[in-house]
Amino acid sequence: MRSGAEWLASAPQEEQEAFLEGLTEHALCALPWLFEFWALPHQLPPVGDWKTWVILGGRGAGKTRAGSEWVRAQVEGGRPGEPGRSRRVALVGETFDQVRDVMVFGDSGIVACSPPDRVPEWHAGKRQLEWPNGAIAQAFSAHEPEALRGPQFDAAWVDELAKWKKAEETWSMLQFGLRLGENPRQCVTTTPRDVPILKALLKRDSTVVTQAPTEANRANLAESFLEEVRARYDGTRLGRQELDGVLVEDTEGALWTSARIEAARVDATPDFDRVVVAIDPPVTGNAGSDDCGIVVVGAVTRGDPKDWEAWVLEDASVSAASPLQ
């Protein structure tokens with residue numbers, strides 16, 4: 001299924017010109033703001049009776065734009081001053097800074113997606129967005145779940161749920177507050193991770209899901225970025241999660257779970273005394289052989305031996321039929 005923009009881009013020049021010339025002046029001015037025309041299939045909410053719409057996608061797949069446009073669709077009326085379906089919206093991100101910098105003011109945030117006559121005003125002191133029709137969106141941090149105790153909403157946009165440190169508490173507080181209107185709904189945009197809150201949400205009958213890899217939005221991404229990340233992460237567990245947008249669950253009984261690994265990640269490493277490449281080759285050398293384990297570890301061996309540390313820098317294991325490969 002193609003978007004209207006994809007059809008227009010691939011149509012012969014005569015059809016493109018005929019289509020654009022057939023629009024009225026008002027329609028032509030409105031076209032850039034009609035997301036239904038430009039949207040990719042995974043960016044449009046499914047039809048039907050649902051409570052939660054989860055958009056699972058790889059990095060850069062267009063999740064933020066979809067969330068911003070969904071909020072617009074909830075709060076905007078037919079004209080700038082007319083009411084929409086929702087008047088009280090919760091915007092919940094991992095931190096306040098991420099709500100403001102990504103969901104509100106980001107390149108694909110709510111303000112950037114809004115037409116000139118419907119741009120909401122940001123009230124920094126209140127951490128609120130206010131639309132010309134009086135609708136209000138309140139910003140919340142997942143680090144402070146108690147802040148959601150008391151307020152009530154008829155819609156919510158939740159970003160990067162799978163990254164939240166206090167996911168269970170924050171999500172529960174939001175559900176208690178989502179109680180206004182006839183059919184309060186929420187949109188969740190996240191890169192998938194093997195965490196309990198996301199797995200439980202996906203299993204609910206009231207949840208609908210759309211999914212897309214990073215490449216789905218390649219028209220808006222640098223080709224060099226796609227080439228680099230695919231060359232580096234294609235075929236890896238991290239690549240399936242961060243690029244393909246696939247929820248990769250742990251094998252039952254695994255000694256090292258993804259949750260433990262994620263909790264141990266750091267942004268920087270110390271100066272190492274040694275760096276070791278350990279290789280565990282398969283006994284046989286044919287297409288049916290086990291993987292060849294290759295792990296790179298940095299070691300800090302200064303001071304008291306009980307304080308020594310080992311840092312796993314990379315798992316470069318490969319499926320290879322011969323030592324040469």
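**Exercise 1. Identify which residues lie nearest the centre of the second largest pocket, and describe its lining.**

*Solution.* Step 1: the second largest pocket has a lining of 23 residues, and those nearest its centre are Trp33, Leu34, Glu36, Arg72 and Glu76. A pocket is here an open set of points on a 1 Å grid over the protein atoms alone, where a 1.4 Å probe fits, with protein on both sides within 12 Å along at least five of seven lines; lining residues have an atom within 4 Å of a point.

The model is predicted: local features need pLDDT of at least 70, side-chain atom pairs count only at pLDDT 80 or more, and totals for chains, interfaces and linings use all residues. Residues are numbered from 1 along each chain as its sequence is written, and side-chain values use heavy atoms, with hydrogens and water left out.

Step 2: the space in this second largest pocket comes to about 550 Å³, a volume being the space filled by probe spheres set on grid points, which are joined across faces, edges and corners.

Step 3: at least two lining residues come from each of helix H3 (25-30), helix H4 (35-38) and helix H5 (63-75). H5 gives the most, with six residues. Helices (H or I, at least four residues) and strands (E, at least two) are DSSP runs, numbered from the N terminus.

Step 4: sorted by class, the lining holds 12 nonpolar, seven charged and four polar residues. Ala, Val, Leu, Ile, Met, Phe, Trp, Tyr, Cys and Pro count as nonpolar, Asp, Glu, Lys and Arg as charged, and the others, Gly among them, as polar.

**Exercise 2. Characterise the chain as a whole: how many helices and strands are in it?**

*Solution.* Step 1: the protein chain contains 12 helices and 11 strands.

Step 2: along the principal axes, its C-alpha atoms fill a box of roughly 70 × 55 × 40 Å.

Step 3: of its 325 residues, 37% count as buried. Buried means under 20% relative accessible area, exposed over 50%, and partly exposed in between (1.4 Å probe, protein chains only).

Step 4: of the contacts between residues at least 6 apart in sequence, 62% join residues at least 24 apart; contact means heavy atoms within 4.5 Å.

**Exercise 3. Describe the surroundings of Thr207: is this residue buried or exposed?**

*Solution.* Step 1: Thr207 belongs to strand S8 (residues 207-212).

Step 2: Thr207 counts as buried because its relative accessible area is 10%.

Step 3: the Thr207 side chain reaches the backbone oxygen of Leu201 at 2.8 Å. With neighbours within four places in sequence left aside, Thr207 is in contact with Thr52, Val54, Leu201 and Leu202.

**Exercise 4. Analyse the salt bridges: how many are counted?**

*Solution.* Step 1: the count is 18 salt bridges, a salt bridge being a side-chain nitrogen of Lys or Arg within 4 Å of a carboxyl oxygen of Asp or Glu.

Step 2: one of them joins the side chains of Lys163 and Glu94 (3.3 Å, N to O). This pair links distant parts of the chain, 69 residues apart: Lys163 is in the loop between strand S6 (155-159) and helix H8 (167-177), and Glu94 in the loop between strand S2 (88-93) and helix H6 (96-104). Lys163 is partly exposed at 29% relative accessible area, whereas Glu94 is buried at 12%.

Step 3: Arg100 and Asp97 form a salt bridge whose closest N and O atoms are 3.2 Å apart. Both residues lie in helix H6, three residues apart, about one turn of the helix. Arg100 is partly exposed, with 31% relative accessible area, and Asp97 is partly exposed at 44%.

Step 4: the side chains of Asp273 and Arg302 meet in a salt bridge at 2.9 Å, N to O. Asp273 lies in the loop between helix H12 (258-263) and strand S9 (274-280), and Arg302 in the loop between strand S10 (293-300) and strand S11 (309-315), so the pair ties together parts 29 residues apart in sequence.

Step 5: a network of salt bridges links Arg65, Glu69, Arg72, Glu76, Asp117 and Arg118. Arg72 and Glu76 are also among the residues nearest the centre of the second largest pocket.

**Exercise 5. Examine the backbone at Arg127 and Glu160: where does Arg127 lie, and where does Glu160 lie?**

*Solution.* Step 1: most residues other than glycine have a negative phi.

Step 2: Arg127, not a glycine, has a positive phi of about 55°. Arg127 lies in the loop between strand S3 (121-123) and strand S4 (128-130) and is partly exposed, with a relative accessible area of 37%.

Step 3: Glu160, also not a glycine, has a positive phi of about 50°. Glu160 is in the loop between S6 and H8 and counts as buried at 16% relative accessibility.

Technical notes
A polar contact is a pair of N or O atoms within 3.5 Å; within protein, one must be able to donate a hydrogen and the other to accept it, and residues adjacent in sequence count only if both atoms are side-chain atoms.
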